[in-house]
Each structure stands twice: as C-alpha cells, then as structure tokens.
Amino acid sequence: MGAPDIIKQHLIDPEICIRCNTCEDACPIDAITHDERNYVVRADVCNGCGACLGPCPTGAIDNWRTMLKSEAYPIETQLLWDELPASLPLPADVETGTAPDASLPETGQEPQTQQVEASRHTSPKAPWSAAHPYVNLHGVRAPVTATVAGNYRLTAEDASSDVHHLVLDFGQHFFPVLEGQAIGIVPPGTDAAGKPHYIRMYSIASPRDGERPGYNNLALTVKRVEQDHEGRPVRGVASNFLCDLARGDEVRVVGPFGSTFLMPNHREASVMMICTGTGSAPMRAMTERMRRNLAQFDGQRMLFFGARNARELPYFGPLMKLPPSLLDIHFAFSRDPGQPRRYVQDAIREAGARVAGLLNDPHGHVYICGLKGMEDGVLAAFGEVCAGAGLAWRELETTMKAEGRLHIETY
Ligand SMILES: Cc1cc2nc3c(=O)[nH]c(=O)nc-3n(C[C@H](O)[C@H](O)[C@H](O)COP(=O)(O)OP(=O)(O)OC[C@H]3O[C@@H](n4cnc5c(N)ncnc54)[C@H](O)[C@@H]3O)c2cc1C
Ligand code: SF4
Ligand code: SF4
C-alpha cells in the first residue's frame, strides 16, 4: 500500500489579515479568493510557489499545515474562521518520515527571496540599498495607541474629494517606520455582524525621522470615502473615523507593514514616482526624506501626479514651492475647466526620453501608487516610451522586477 498523500496546506491567518487583496493580485494561478469576511487559499490549486509571501504586508499569508490531503480544509470552512485551527498531529499510522513536497516553502522563509511570475508587475523585493524595515511590531492582539497631533484638510473646501493630513504621535512607543511602509488602523466599534471592524491600511506620508524631525510621530494622507467604487453613497468606516478625529483623540494602530515598496538609499539612485490622489502619501515621504538629506542623493527625482484638477490635489501648494532641482514635477489634470483631459500616462509619454532613460538606468527605481485603474495605463505608456527609445519594455520590466526597481501599490 502506498504512503498516504500528505500536503502542506497553505492557510491565511484571519486574525492578522487586513483584507488588502495584495496576495490575490500576486498569485499567478488564482489560488486565493475571498468573501466579505476572509481571504482563503484553495488547497487543490495552490502549488506553494511563494509568490504571495513577499508582497503580503502583514505575514498573515505565511501559514502552513502538514496534513493528509484528504483532510485539507475546503475554502467553505476557511471562509467561516475567526482564527486559524490548531495544528493537528498526523494519524499514528502515517510514517512520520514521509516528507511533504520539497518544493513547498517552509514556514517563515525569507519573503524577499521568492520569485514572482514574469506576468506580474510589481517587484517581490526591495531595492538592494533600502534600509531594513521593521514589520509587524504590533499585531491585532496588541495594537499601539497613538494620539492625534493634528488633522488638516488638504483639498480645497469646494473640492469634491475631502483629503486629510493626519499627524499621529506615538509618544514613547517604539514604532520605527521607513518611507513606503504603511500602518494599519483599527477602527473602533463593530460591523453589522457584531464583529470588530477589520483593519484598514494607510501609507505613511512622512519620512523615517518623523513628520516633525526628532519627534516620534508620522503623517497619513486620508481620503474620506463617501462613495463606493461604483459611485453609490457609502460611509467608509475607517476613513470617516480618521478624517473626523480631533487633536488629542486616540487611535489604535498596528504594523508597520511593507518590506518591498521602499526607497533606495545609495547615492546614484534615481527615482520616478507616479501617483494619483492619496497615492501621493509614500511619494511625499520619499521626497521629504531626500529633501532633508539632499547631499546624500545625486540621482534624478521625477514625479508624475494625476488629479481631477489642482484643487483636488493633495499637497499642491507645498509641491509648487519645491525647486525643480529637487523634484521634476509633471501634473496631469483630468477635469481642468477649459483644458483637455490629461492623465499621468499622457504626462509620461510627453517626458518620454527622460522616462526611458530612467527605466533603463540600473540605478533607476519606479514607484506607482494610487487607484487600481492607473496601473495598466502607466505600464502601457512605459511600453510606448521604451519603443520610442529602441528599448524592449517586456525585457526591461523583468529586469527591473528582479532587481527590486519596479514597485506598484494600488488599492
Ligand atoms: C497598502 C494600502 C495603502 C493604502 N493607503 C491609503 C492612503 O494612504 N490613504 C487612503 O485614503 N487610503 C489608503 N488605502 C485604502 C484604505 O485602506 C481604505 O481601504 C480606504 O480608506 C477605505 O476604507 P473605509 O473603511 O473608509 O471604507 P470601507 O468601509 O472599507 O468601504 C466602504 C465602501 O467603499 C468602497 N471603497 C473602499 N475604498 C474606497 C476608495 N478608496 N474609493 C472609493 N470607494 C472605496 C468599498 O468597496 C466599500 O464598498 C490603502 C490601502 C492599502 C491596501
Ligand atoms: S503560494 Fe503561490 S500558488 Fe499558493 S497562494 Fe501563494 S502565490 Fe498562489
Ligand atoms: S494581509 Fe496578507 S493575507 Fe491578508 S489580504 Fe493582505 S496580502 Fe492577503
């Protein structure tokens, strides 16, 4: 009689998972799915390639159970979990020496070493010169309490979007962050089913030494969600909670998260930042890091920033004050009265030669952040500017990803 089929079942920890969809996007074979409540992995589809491990900001994805294949948890069961089931011993008649598929990753393996399918766009690893990030210092079971030090509206009073600059003070809590990382906010209260609200992610908009240097604080750029993606009226749980906070209020925070969307630290590094709306948050953090330490960065700095018009663009005023020598800014306004519609990809095409040069520079790093819809247009524009410069974008994209030079975060 042959040995029973043993698998390492890949599971997602529902207590840590913040439902950000990153793993579902990263999985090349659609093994991950979700409902309103949980993200889950199909045991019969997952091949253990590990492509989802590095991009997951929380580590919730990195759980494996050695078990009989016939007893693998179906997704219908996983979707009902509030916590992971305990590991169970294999039946006594199963030879303990029977090894599971050696190609499957070990629990806790270093995520940055994993390969991402060539068809996926974001790099699975950080730039080689990035500082080492702290990740998951505070989990859902032990959030840290931060105090609101300031809350300011960034968009014009008559603008259709209400975007806030929120400063959180961490007092004497150890909460080190890097530019490009995000934190999780635990909204107070419970959802319609009486369960605690799940955690929402927000990119950090200030550099590692704080919104105010020397203070243990950080900034967020939060858009009040009042419509869902289909334009129906809603009241977003976390964004409204954050936008309505007053100075002195307390917020429960988890994280920090993110180990790949990090800025390079070496002198020759050039950066191209492409964003829409609150996707500007990590770009502000990186720009401010470079502004405060200009003598350490000799490379180019380009920003492509899309919005409906200047009144809807977070940080428009401060951006206009930056000298071109610090940042080469290209705005793209899609609803500017009297002007033709322009999107970030149009601005990228217009600056084609410089864009192609930076993409082809081994020290060039690209960051794309904003609404999901922007990614395809930007990558298509890269293809066009590369073709114009005699470069093969597909090959360049593969190289950039492998070198940790192409980073995409859309939500
Ligand atoms: C890595 C990462 C970084 C993020 N950084 C930021 C950031 O810097 N600033 C920021 O404001 N947000 C950011 N987000 C989005 C944020 O986590 C929340 O999803 C967003 O604030 C909505 O949460 P909510 O609780 O207000 O809405 P929910 O109560 O979760 O949703 C209410 C309804 O609105 C829809 N909806 C959710 N988000 C949006 C949206 N952005 N636009 C339109 N409809 C929406 C939902 O589908 C739902 O139907 C980030 C997300 C990720 C994954
Ligand atoms: S390990 Fe690979 S196949 Fe399995 S869920 Fe992650 S990305 Fe998909
Ligand atoms: S936190 Fe990790 S496991 Fe949960 S949805 Fe995001 S990437 Fe997937």
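User: Where in the chain is the place of Leu 137?

Analyst: In this predicted model, two elements frame the position of Leu 137. One is the helix α2 (75-78) and the other is the strand β5 (144-153). Leu 137 sits in the loop between α2 and β5.

User: Is Leu 137 buried, partly exposed or exposed?

Analyst: Partly exposed means a relative accessible area between the 20% limit for buried and the 50% limit for exposed. Leu 137 has 34% relative accessibility, so Leu 137 counts as partly exposed.

User: Which residues form a nonpolar patch on the surface?

Analyst: A residue of a patch needs over 30% relative accessible area, and Leu 137 is at 34%. The patch has about 300 Å² of accessible area together. Its members are Tyr 134, Leu 137 and Phe 174.

User: Is Ile 199 buried or exposed?

Analyst: Ile 199 lies in the loop between β7 (182-186) and β8 (200-203). Buried means under 20% relative accessible area. Ile 199 has a relative accessible area of 4%, so Ile 199 is buried.

User: What distance separates the C-alpha atoms of Ile 199 and Ile 183?

Analyst: Ile 199 and Ile 183 are 16 residues apart along the chain. In space, their C-alpha atoms are separated by 9.4 Å.

User: Which element supplies the largest share of the largest nonpolar core?

Analyst: The largest nonpolar core has 27 residues, and Met 272, Ile 274 and Phe 382 are among those with the most contacts inside it. Several elements each supply at least two residues of this core, including β11 (270-276), β12 (301-307), α7 (352-359) and α8 (374-388). The largest share, 7 residues, comes from α8.

User: How many charged residues are in the shell around ligand 3?

Analyst: Ligand 3 is surrounded by 13 residues, and Cys 17, Cys 20, Cys 23, Cys 56 and Thr 58 are the closest. By class, 9 residues of this shell are nonpolar and 3 are polar. The number of charged residues is 1.

User: How many nonpolar residues does the shell around ligand 2 have?

Analyst: There are 14 residues around ligand 2, with Cys 27, Cys 46, Cys 49, Gly 50 and Cys 52 coming nearest. The shell has no charged residues and 4 polar ones. The nonpolar residues number 10.

User: Which residue meets Arg 224 in a salt bridge at 2.9 Å, N to O?

Analyst: Side chains of opposite charge can pair when their charged atoms come close. Arg 224 is in the loop between β9 (217-223) and α3 (237-243), and its partner, 20 residues apart, is in the loop between α3 and β10 (250-257). Arg 224 is buried at 13%, whereas the partner is partly exposed at 44%. That partner is Asp 244.

User: Which residues are linked with Arg 224 and Asp 244 in a network of salt bridges?

Analyst: The whole structure has 21 salt bridges. The pair of Arg 224 and Asp 244 belongs to a network of such bridges. The other members are Arg 153, Asp 162 and Arg 235.

User: In which helix do Arg 291 and Glu 288 both lie?

Analyst: Arg 291 forms a salt bridge with Glu 288, with the closest N and O atoms 2.7 Å apart. Arg 291 is partly exposed at 40%, whereas Glu 288 is buried at 17%. The two are 3 residues apart, about one turn of the helix, and that helix is α4.

Methods. Residues numbered from 1 in each chain as written. Chains lettered and ligands numbered in written order. Predicted model: local features only at pLDDT ≥ 70, side-chain atom pairs only at ≥ 80, totals over all residues. Heavy atoms only, no water. Patch = residues over 30% accessible without salt bridge, like charges linked within 9 Å, V, L, I, M, F, W, Y side chains within 5 Å. Areas by Shrake-Rupley, 256 points an atom, 1.4 Å probe, with all protein chains shown as cover. Salt bridge = Lys/Arg side-chain N within 4 Å of Asp/Glu carboxyl O. Helix = DSSP H or I, 4+ residues; strand = E, 2+ residues; numbered from the N terminus. Buried < 20%, exposed > 50% of the residue type's maximum accessible area, 1.4 Å probe, protein only. Near = heavy atom within 4 Å. Nonpolar A, V, L, I, M, F, W, Y, C, P; charged D, E, K, R; others polar. Core = buried A, V, L, I, M, F, W, Y, C linked by side-chain atoms within 4.5 Å.
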